[in-house]
Amino acid sequence: MIASVFLAACAAVVIQEAPAPTPVLWEALPPVPDDVGFGGPFVASLEGPTGDSRLLVAGGANFPEAPPWEGGGKVWYADTWVFDGQGWAAGPPLPEPRAYGAVVHLEGKALLIGGGDGDSATSDVLIAELDGGGAVRFTAGPALPAPSQFLAAGLVDGLVIALGAQRSADASDLVRATWILDPDDLAAGWVESAPFPGRAGLKFVVAAQRNSKGKEALFVYSGEVPGAEPESLPDGGRFVPVSNELWSFEPGAEAWTQHRSPDLQRQWAHGRGLGRSAGLAWPTGQSHILFLSGVAAVPLDLPQATRPEFAADVDAYHTLTDTWVRAGSMPRGVVTTGIAPWGEGFAIASGEVRPGVRTNQVQLGQMDRAPARLAPLDFAVMAGYLLGIVLLGVFFARRERTADDFFLAGRRIPWWAAGLSIYATQLSAITYVSVPAKAFMDDWVFALTSITILIMAPIVVVFYLPFYRRLEISTAYEYLEQRFGLPIRLFGSASFMAFQVARMAIVVFLPSLALSTVTGVDVYLCIVTIGVMATVYTVLGGMEAVVWTDVLQVFVLVGGLFVALILAVEGAGGMEPAIDIALASGKLRWFAPGTSWTETASWSVLLGAMFLQFGPYTTDQAVVQRYLSTKDERSAARGILLNGLVTVPFTLGFFALGSALFAYFSTHPAALDLGMKNDEVLPLFVALELPAGLAGLVLAGIFAASMSSLDSSMHSIATSWTNDWHRRLGIGSASDLQTGRRVTLLMGVVGTGTAALFAASDLRSLFDTFQSVLGLLISPLAGLFFLGIFTTRTSAMGAAVGALVSIGVLAYVQNATPLNFMLYGAVGSTTCVVIGYLASLLLRQDRDLSGLTWWTRRA
């Protein structure tokens, strides 16, 4: 029934006629109330303490009486105009007339930097913000080290970066400086950094965006070249060229990088440079920058009165693939003005439309992400898959007669199925989508994490598995009670369940959002489909349904992986060109040298991955439950080793797919969706490029990965609650089997409902904080199990002290130090072990440890 509804609802998406996609939708806002308009105004978006928003247009210059070729004089202004969403009103004047400066937006306010008044440039910086009543006010900020007009600036990784330009009224008097300001420490003022090395000296076009290393950088394009020699056109005309160089500045590296895009070189070779001097730039998504209008060249043979309007072209640059594509055009090309966020898009107010001519128009642009349209066959494939897994649940429901059947599958699971189920449990849809995206954005350094599973698997088999099997327990946390007492057991169980509840919503919501964004399928339909299907077969079939659907899902998702990999390589021109493209861009780098504790290095990736993998494989009930569902210890050991053996090649396959996607989109840059997030690259490729049916198979793999994580979380929470709380503390009168099914159903509703709540409201930032707190609570678990198995002196009180101190230390490290996140697990576990052991030397406790530690184990 649900599968039929899913197919019918998705078919409606296919049948609808969609208009041809337009990257940017344009509309007009009310014009600035000046008949002429301004060149060089400060354009800023401000937000007040009560949430009121205002669009500010301040200063500027124009020719109010007559154009310059008729002898009109140029006038600079201190006037300001404020738009509240309904209409314009006059605002407080600037301290003095000013134009041709730069604007940087901070939280709710803006810096108005530099500029000039026709006679001189200024170093003054103003802070524009709204007071409690929504009125604009200006206060003085830290002055630039030198006067500058026609400069550019941007906010990069929390720092204001400004490029000095024209120092006086003389266009050849330039300041080639890069200045950095920390908005959180305005008293420290501006600090000089590496000077801009490009040809351009003023009228740069800038935007902040992530570079190919994943770092935020200031991209600087085009600009006017002081003293440039005139060049000739093929028809004999002459023009003064502008720069078509593209540079970026990364504050952490304090160095400039030139981006020699082949697209730029080809355009320049054919006589049409993509120069954008004095134009506008807007970052969109995680890797695109729109470059709008601009002066491509200054014609010398046309009288000023007959020169055409500036081009209205919009081009998009992708910072990862270093490629350019045409992205339509704006209603009217404008230069020497500002661009500011407004609503869901950006506003371009006033500006110069051709030499000496201004406009008072305000243009509002919004990104239009037209979703890809899947074929009916794709939805039929996905619906058939969903129907199949529900039938599996119905089949296994007949065998779930006891609590042992529901929680541990009657210990009937073959070793190979248990191993594949462990892999499916650890592979969420987030991993399925984000690992190729990681390789697409960066390289293969994090592929080293899969190797640690081969190191960890024998350790689990030799040192941990015997305790889980020989003590005849149903949850991992039962061991903690036998070793340390009931409070430690309940702490471990509660931490695990809380973390899994939070995880359920994320593993359903994020993949659903990605699928919805690129396919047009309603996000709520995706969420409900994943949640309902996983809940139905888990409630009906218990552990057996979970394991066997996991096995099916492994084949589906791996099949989808290799279909996408083959087609991406073919689309890039074949294996050799794809490898060449990836190699040239550093996408196949697998080793990161260095000894840094804060930046990514191979040693920290390996060490951190070992600890991060160690926790789930030794303390996570969702994984341990697979160890307990086989017929004996030997079968469980073989399943653990099989999981390690399949994880490595499949992980490398996901990284290979990411590199192949990079090669594909480098050769097909127009296929990249403007405004997209990088995590959407795989669903986008699938929806746009895969043949009908195959696209459905790969998307079914994403659904499969979501459901395999969700079913494991639901079922393991039900197992923990029933065994660690319901049975142990005598909570409720229902049987264990009834309790398990009820809790599974409840968790399905909670996970699906929370994911839908995320889609309906902006609670993700609050949830991220909540999840980070839960991460702190679960971090000591690996240390507690280590203390229990490998030490005999650790007492219950000592273990509790170690866990509490571990939480405090890890919270401090996360929030007050720059330590690389990969090492958080090592910090948490090590602190728990060291402090727990030392505390036990003072807080000793006698306890019978027979069969509970490695040193007192039974044969």
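Q: Two strands count as paired when DSSP finds at least two bridges between them. In this predicted model, how many bridges join strand E23 to strand E25?
A: Strand E23 covers residues 288-292, and strand E25 covers residues 313-318. The two run antiparallel, and the number of bridges joining them is five.

Q: Let's look closer at that pair: which residue in E25 stands opposite Leu 290?
A: Residues 288-292 form E23, which places Leu 290 in that strand. Its partner across in E25 is Ala 316.

Q: Which strands are the edge strands of the open sheet?
A: The sheet has four strands in the order E22-E23-E25-E26, with antiparallel pairing. An edge strand pairs on one side only. That description fits strand E22 (280-284) and strand E26 (323-329).

Q: What does the twist average from one strand to the next?
A: The open sheet runs through E22, E23, E25 and E26 in that order. From one strand to the next, the twist averages 25°.

Q: Now for the helices: are H9 and H10 parallel, antiparallel, perpendicular or oblique to each other?
A: The axes of H9 (residues 486-519) and H10 (residues 523-571) come within 8 Å and cross at roughly 135°. Roughly antiparallel would need an angle over 145 degrees, and roughly perpendicular one of 65 to 115. The two helices are therefore oblique.

Q: How many charged residues does the contact of H9 with H10 have?
A: On the H9 side, the residues include Val 508, Phe 509 and Leu 513, and they meet H10 residues including Val 523 and Ile 527. By class, the contact has eight nonpolar residues and two polar ones. The count of charged residues is none.

Terms used: Residues numbered from 1 in each chain as written. Predicted model: local features only at pLDDT ≥ 70, side-chain atom pairs only at ≥ 80, totals over all residues. Heavy atoms only, no water. Axes fitted to C-alpha atoms, helices over the stretch in contact; angles between N-to-C directions. Parallel < 35°, antiparallel > 145°, perpendicular 65-115°, else oblique. Contact = heavy atoms within 4.5 Å. Nonpolar A, V, L, I, M, F, W, Y, C, P; charged D, E, K, R; others polar.
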